[in-house]
Amino acid sequence: MFDSYGRRINYLRISVTDLCNLRCKYCMPEKGIKKIPYEEILTLEEIQSIAESFVELGTDKIRITGGEPLVKRGILNLIEGIGKLDKVKDFAMTTNATLLYKYAEDLKKAGLKRVNISMDTLDRKKYGDITRRGDLQDVLKGIEAAKKAGLTPIKINVVLIKGFNEDEIESFVNLTRYEDIDVRFIELMPIGSLRYWSLNNYISNDIVLKKVEELQEVSASDISSPAKYYRLPEGKGKVGLINPISCKFCENCNRMRLTIDGKIKPCLHSNEEIDLKTPLRQGKNIKKIIETVILNKPKEHNLEDGNYISRDMMDIGG
Ligand code: SAM
Ligand code: SF4
């Protein structure tokens, strides 16, 4: 389905939980977050039903995210349910991968096609520091398990953090030299209760191109991707730069987000949310509502004015 600006809206990102086994400093406060009451959270069956309505309206790309999707009880059932929808051509998950070594094979069998893995450092001690509790060895095991299970192509998300991981840019880029893995550097976004942490630790992605001068721009295979892609000469994988603040990709935005409490967010950087849970629980026709939301998707976001959104990242899923 197309919105009123002629954009084809075919991508749904679903946050399945606000819980996480890590506490990344830019995403989750040390003590965790104030929990949304259980009854406010969509059940797996409700998520499935909403996903099906989106698919009937032309969505063919779905991403499961969170919080950490692999801590959600029953996640494999949801993956299996969505995996059965023939019209979904691209079915992916964003995960911190610390539990992936246990789940990779079952996820693949259930119909998941690929994973994006968040890993902001290649140093075990620094990983423990930024995540406040994670073990990098688990992530590395998870990456191997994903390769073995065929959850590919794998993309690695690296949030750039001032004074923390600029010195590892070359090492991350090198991961793309011999393997078909994409590494994507993401600028910190000021979102939710940790927005000032992000503003204080922000560095622009430009630093990647300054540090690795050999990178050559490659033409975009998917214009709706927020990443601008580069490659090392003869590199197997690509290096992506995602600049949500310094560079807008609104013109080609094709996505909708579903929050854990059943709200659709037509734009990540806007506080506008449309409730689907109540009408769904009242047995109303949610397809009609989704159609209207798609039609009214805003043209663009405006972060330069300090209009940062108040919801936390794990409710929305990034
Ligand atoms: N727990 C999973 C993970 O870490 O991959 C999925 C959810 S996490 C919210 C999704 C993505 O958002 C991760 O790649 C994470 O690094 C990114 N993220 C979280 N907070 C962010 C922020 N303030 N700015 C930029 N990216 C952020
Ligand atoms: Fe958890 Fe992902 Fe947020 Fe880190 S970025 S705290 S892994 S939800």
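Me: How far apart are the axes of helix α1 (residues 44–56) and helix α2 (residues 75–83)?
Reply: In this predicted model, local features need pLDDT of at least 70, side-chain atom pairs count only at pLDDT 80 or more, and totals for chains, interfaces and linings use all residues, while side-chain values use heavy atoms, without hydrogens and water. Residues are numbered from 1 along each chain as its sequence is written, with chains lettered from A and ligands numbered from 1 in the order in which they are written. Helices α1 and α2 (DSSP runs of H or I, at least four residues, numbered from the N terminus) pack at about 20°, and their axes (lines fitted to C-alpha atoms over the stretch in contact, with N-to-C angles from 0 to 180 degrees) are apart by 10 Å.

Me: Are α1 and α2 roughly parallel or roughly antiparallel?
Reply: Their angle is about 20°. Because angles under 35 degrees count this way, α1 and α2 are roughly parallel.

Me: Which residues of α2 touch α1?
Reply: Contact means heavy atoms within 4.5 Å. From α1 come L44, I47, Q48 and A51, and from α2 come L78, G81 and I82.

Me: How many charged residues (Asp, Glu, Lys and Arg) are in the contact of α3 with α5?
Reply: Helix α3 (residues 100–110) and helix α5 (residues 136–149) pack at about 20°, their axes 8 Å apart. Here L100, Y101, A104, E105 and K108 of α3 meet D138, K141, G142, A145, A146 and A149 of α5. The charged residues number four.

Me: What residues lie around ligand 2?
Reply: Each has a heavy atom within 4 Å of the ligand. No charged residue belongs to this shell. The residues are C20, L22, C24, C27, M28, G67 and N96.

Notes: Helix = DSSP H or I, 4+ residues; strand = E, 2+ residues; numbered from the N terminus. Nonpolar A, V, L, I, M, F, W, Y, C, P; charged D, E, K, R; others polar. Parallel < 35°, antiparallel > 145°, perpendicular 65-115°, else oblique.
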